[in-house]
Amino acid sequence: MSKGSLLSASIGRKLLMSVTGLFLITFILIHMSINLLLIFDDSGELFNVAAHFMATNPLIKIMEPVLAIGFLVHILWSLMITVQNMKARPVGYNKSSQAINSSWASRNMLILGAMILVFLGLHIYDFWWKIKVAGSPLLEMSTGSVEGMHNTYALVTTLFKGSVIYCLIYIAGGALLGLHITHGFWSAFQTIGLNNIIWRKRLFVLANIIGWIFIIGFSSIPLYFMIKF
Ligand code: HEM
């Protein structure tokens, strides 16, 4: 492959990482907003109605496989780019000069991503698998005034109320994801081309704000159940 086509292939791969990453951030923002209903209404009704809407809305149903593909492409491409970079640069950068020029998250994106993947495996088993495939008696509990929907609130909160370890795992999951995004969000726009001096700074600040919103937003949910119940 010529130097030019090698470069454009590499940019193409990074572009796909950026686009899938930004798509996943949008999903996660919606997911977190709905999950926060868990701590704003102890009756569970608000969360159950929102979860029911998400589970039955045709548009969301179409988006579910798209989301799965988004995750898959994002993960596979990150591995491919890492292997390719290792091949192109077998000696590696000087670690101390790297530390001065970049954040901890930016130097550890792959390890952060791998840990999020482990968390995601457990998380999908905890909720998605039980809701969509295996079932659970908790889901069949009465939801009070609104009939004909799963009691997803009972499924989620029973897990958090019953185990401090689980709460800590979910706090860690939110923190890992937020850290990953403090670099990922900024980096995605660099790749897309918004990388002049002014936008570099703005996006850097914005990425940190979004990352911290995810860290605080997701962690506050298990923390709430750990402290209150
Ligand atoms: C307090 C933290 C969280 C709670 C309470 C929570 C709750 C849930 C629930 C109830 C579901 C099942 C939805 C359904 O299928 O009807 C679900 C699915 C899912 N969650 Fe989370 N989640 C949390 C954190 C996260 C984090 C940090 C991520 C990203 C790394 C994440 C990614 C996903 C994905 C990809 C699905 C499957 C897609 C879907 O069907 O919506 N979740 N979550």
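**Figure 1. Where helix α7 meets helix α8.** In this predicted model, Asp 126, Phe 127, Lys 130 and Ile 131 of α7 come into contact with Thr 152, Leu 155, Val 156 and Leu 159 of α8. Sorted by class, the residues where α7 touches α8 are 5 nonpolar, 1 polar and 2 charged. Try picking out Asp 126 and Lys 130 on the α7 side, since both names will help you find your way around this view. What describes the way two helices pack? The angle between their axes and the distance between the axes do the job. For α7 and α8, the angle is about 150° and the axes are 11 Å apart. An angle over 145° counts as roughly antiparallel, and α7 and α8 are therefore roughly antiparallel to each other. Their crossing is right-handed.

**Figure 2. A closer look at Lys 130.** Here we stay with one of the α7 residues from the first view: Lys 130 sits in helix α7 and takes part in the meeting with α8. Is Lys 130 buried or partly exposed? Its C-beta atom has 18 C-beta neighbours inside 10 Å, so Lys 130 counts as partly exposed. Setting aside residues up to four places away in sequence, Lys 130 touches Gly 135, Ser 136 and Leu 155. Leu 155 is a name you have already met, as one of the α8 residues facing α7. For a sense of scale, look for Ile 116: Lys 130 and Ile 116 are 14 residues apart in sequence, and their C-alpha atoms are 20 Å apart in space.

**Figure 3. Leu 139 in the loop between the two helices.** Follow the chain on from α7 and you can find Leu 139 in the loop between α7 and α8. Which residues does Leu 139 contact, leaving aside its neighbours within four places in sequence? They are Ile 131, His 150, Asn 151, Thr 152 and Leu 155. Of these contacts, Ile 131 belongs to the α7 side of the helix pair, while Thr 152 and Leu 155 belong to the α8 side. Leu 139 has 17 C-beta neighbours inside 10 Å and therefore counts as partly exposed. His 123 is another landmark: Leu 139 and His 123 are 16 residues apart in sequence and 17 Å apart in space, C-alpha to C-alpha.

**Figure 4. Phe 47, a buried residue of helix α3.** This view moves to helix α3, where Phe 47 lies. A residue is buried if 20 or more other C-beta atoms lie within 10 Å of its own. Phe 47 has 23 such neighbours, so Phe 47 counts as buried. Beyond the residues within four places in sequence, Phe 47 is in contact with Leu 37, Leu 38, Asp 41, Thr 152 and Tyr 153. Thr 152 appears here once again, having featured among the α8 residues that meet α7. Now find Asn 151: this residue is 104 residues from Phe 47 along the chain, yet their C-alpha atoms are separated by 9.2 Å.

**Figure 5. The shell around the ligand.** The ligand has 25 residues around it, and those coming nearest are Asn 35, Ala 55, Phe 127, Trp 128 and Ile 221. Phe 127 should look familiar, being one of the α7 residues that meet α8. Which helix gives the largest share of the shell? That is α7, with 8 residues. At least two shell residues come from each of α1, α3, α4, α7, α8, α9 and α10. By class, the shell residues divide into 17 nonpolar, 6 polar and 2 charged.

**Figure 6. Helices α9 and α10 side by side.** Helix α9 covers residues 164-192 and helix α10 covers residues 197-228. Their axes come within 8 Å and cross at roughly 170°. The pair α9 and α10 is therefore roughly antiparallel. Where α9 contacts α10, there are 23 nonpolar and 8 polar residues, with no charged ones.

**Figure 7. Stepping back to the whole protein.** How many helices and strands can you count? The protein has 10 helices and 0 strands. Its C-alpha atoms fill a box of roughly 65 × 35 × 30 Å, taken along the principal axes. Of the 229 residues, 20% are buried, Phe 47 being an example. Among contacts between residues at least 6 apart in sequence, 77% join residues at least 24 apart.

Terms used
Residues are numbered from 1 along each chain as its sequence is written. This is a predicted model: local features need pLDDT of at least 70, side-chain atom pairs count only at pLDDT 80 or more; totals for chains, interfaces and linings use all residues. Axes are lines fitted to C-alpha atoms, for helices over the stretch in contact, and angles run from 0 to 180 degrees between N-to-C directions. Helices (H or I, at least four residues) and strands (E, at least two) are DSSP runs, numbered from the N terminus. Angles under 35 degrees count as roughly parallel, over 145 as roughly antiparallel, 65 to 115 as roughly perpendicular and the rest as oblique. Ala, Val, Leu, Ile, Met, Phe, Trp, Tyr, Cys and Pro count as nonpolar, Asp, Glu, Lys and Arg as charged, and the others, Gly among them, as polar. A residue is near a molecule or strand if its C-beta atom, placed from the backbone, lies within 6 Å of it. A crossing is left-handed if the near helix is turned anticlockwise from the far one by less than a right angle, and right-handed if clockwise. Two residues are in contact if their C-beta atoms, placed from the backbone, lie within 7 Å. A residue is buried if 20 or more other C-beta atoms lie within 10 Å of its own, exposed if 12 or fewer, and partly exposed in between; C-beta atoms are placed from the backbone.
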